[in-house]
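Me: I am in my first year and would like a close look at one part of this protein, taken slowly. Could you choose a single helix, describe how it sits, and then place it in the rest of the chain?

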Amino acid sequence: MTSPATSPATVRFGTRRSALARAQSGRVAADFAAATGHDVELVEITTEGDVSQAALAQIGGTGVFVGALREALLDGRVDVAVHSLKDLPTAPAEGVALAAVPPREDPRDVLVARDGLTLGELPVGARVGTGSPRRVAQIQALGLGLDLVGVRGNVDTRIAKVASGELDAVVLARAGLARLDRVADATEVLDPIQVLPAPGQGALAVESRAGDPLETELREALDDPRSRAAVTCERAVLATLEAGCSAPVGALAEVVEGDDGDELWVRAVALSPDGALDVRRSASGSVTAAEEVGRTLAGEMLADGAADLMHQTTAASVTTTTTTGQQQ
Ligand SMILES: NCc1[nH]cc(CCC(=O)O)c1CC(=O)O
C-alpha cells in the first residue's frame, strides 16, 4: 500500500500511531487505492492523546485525537484524515469535509473476561476495567455489584490487564477487536438492550479538505449511505443532548427494510454517572431525515430530564431518585 516514490498523484492518508489507528487507516487507504487506482501512502501523526498519560477527560476528551490529524490535513501534510467516528466532536470543523463513512463494523461493546466469563457470571466485586462513563453507568445500572475501574491505553494494554490478573475483565468496542483480528478474545458481546454503544461506534470518518476534488472521489469510492445515515442520527442525539463524547450517553441507529423501503430505527439512553437513573427512548423514521429523527428523539429525552441526569453528581442522584428518575 505504500508506494516507494511519492508522485504528485500519491494520496497521503494521515493516521495516529496506535495499532488500531494504523489498521483502520491502512484498510481505508487500501480500499481507496483498489477502487481508484491511486497510489496511497500512510503518514503517522502523533497526537496529544497518544503522548499524554493524563486522563482523557482532563485534556479535553477524545477530541484531542482528532485535532492533530485535522491540522495536518488543513496545512497540507496529508490529503485525507481517518478517525474513529465516535471520537469526533459533534461540532463541525471549518474547512474539513466528512467525505466518506465506509460500511460500519458491528457497533456493539464486548466483554473480555478471565476464564471465558460473561458479565452475569462475574462474581460480586469483580474488577471490570473501562475508562468510559457511558460503559460505567450502563454496567452499574445492571446492579451486578461489579467494581468499575478506570483504565487507559490501547486495546492490547487493556486486554493485557486481564491476562495478568490485574483486572477480571475489560469492556471494549467489538469493532476495535475486529480491526486488530482479536475478536476471539471477546467472551461476550453485550446486547444493546443492556449496553448501548457510543454514538458512531464501529464507524470510521474519512475527512478531506472541504472542496478538494478528492472529497468526491473518496465519497464515490468509500461512502456507505446507510452507515452515514445511522451515525448522522446518533450524532444528532448526542449534539442535541449537548453531551460530549465522554458523557454517559448511548445511541444506536440501524437501517432496516420496511414495507416502503429503508427505515431508520434508533434507540438512545442518557444516564446519571452512577447509572442509578436513566432516560431511554426509541424512534423510527425516514433514512433521509436521519438528523431530524435523532434531534427529535433527544428533544423528548431532554423533556424527560436527560440533561439533569447527565450532570448529576453521585450524591445528587441519590436525593433526586424519586423525582426525576426513569429507571427501567
Ligand atoms: N475510545 C477509544 C476508541 N475509539 C474507537 C475505538 C474502537 C473502534 C470504534 O469504536 O470504531 C476505541 C476503543 C474502544 O472503545 O474500545
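Reply: What follows starts with one helix and then moves outward to the domains, the ligand and two other places in the chain. Please keep in mind throughout that this is a predicted model.

The helix is α7, which spans residues 213-222, and within α7 the residues Leu214, Leu218, Ala221 and Leu222 are buried. These four cover an arc of only 75° around the axis, and therefore they lie on the same side of α7. On the face of α7 turned away from that buried side, one finds the exposed residues Pro213 and Glu220. As for what covers the buried residues of α7, the list includes the strands β1 (11-15), β3 (80-84), β4 (96-100) and β10 (204-209), together with the helix α1 (19-36).

To place this helix in the whole, it helps to look at the domains. The protein is divided into domain 1 (11-102 + 203-223), domain 2 (109-189) and domain 3 (230-324). The C-alpha centres of domain 2 and domain 3 lie 24 Å apart, and the contact between these two takes six residues from domain 2 and 11 residues from domain 3. Sorted by class, the side of domain 2 that touches domain 3 has three nonpolar, two polar and one charged residues.

The ligand brings in domain 1 again, since the shell around the ligand draws at least three residues from each of domain 1 and domain 2. In total, 10 residues surround the ligand, and the closest are Ser84, Leu172, Ala173, Gly176 and Gln201. The elements that give two or more residues to this shell are the strand β8 (169-173) and the helix α6 (174-179). By class, the shell has three nonpolar, five polar and two charged residues.

Another residue to look at is isoleucine 139, which is found in helix α4 (residues 133-140). Isoleucine 139 counts as buried because it has 24 C-beta neighbours inside 10 Å, where 20 or more are needed. Leaving aside its neighbours within four places in sequence, isoleucine 139 is in contact with Val128, Leu146, Leu148 and Val195.

Finally, strand β12 (residues 261-271) and strand β13 (residues 278-286) run antiparallel and are joined by nine bridges. In this pair, tryptophan 265 stands opposite serine 284 in β13. The hairpin of β12 and β13 has six residues between the strands, and in it glycine 275 takes a positive phi near 75°.

Note on methods: Residues numbered from 1 in each chain as written. Predicted model: local features only at pLDDT ≥ 70, side-chain atom pairs only at ≥ 80, totals over all residues. Buried ≥ 20, exposed ≤ 12 C-beta atoms within 10 Å, placed from the backbone. Arc of directions from axis to C-beta. Contact = placed C-beta atoms within 7 Å. Domains from an automatic or database assignment. Nonpolar A, V, L, I, M, F, W, Y, C, P; charged D, E, K, R; others polar. Pairing = 2+ DSSP bridges. Near = placed C-beta within 6 Å.
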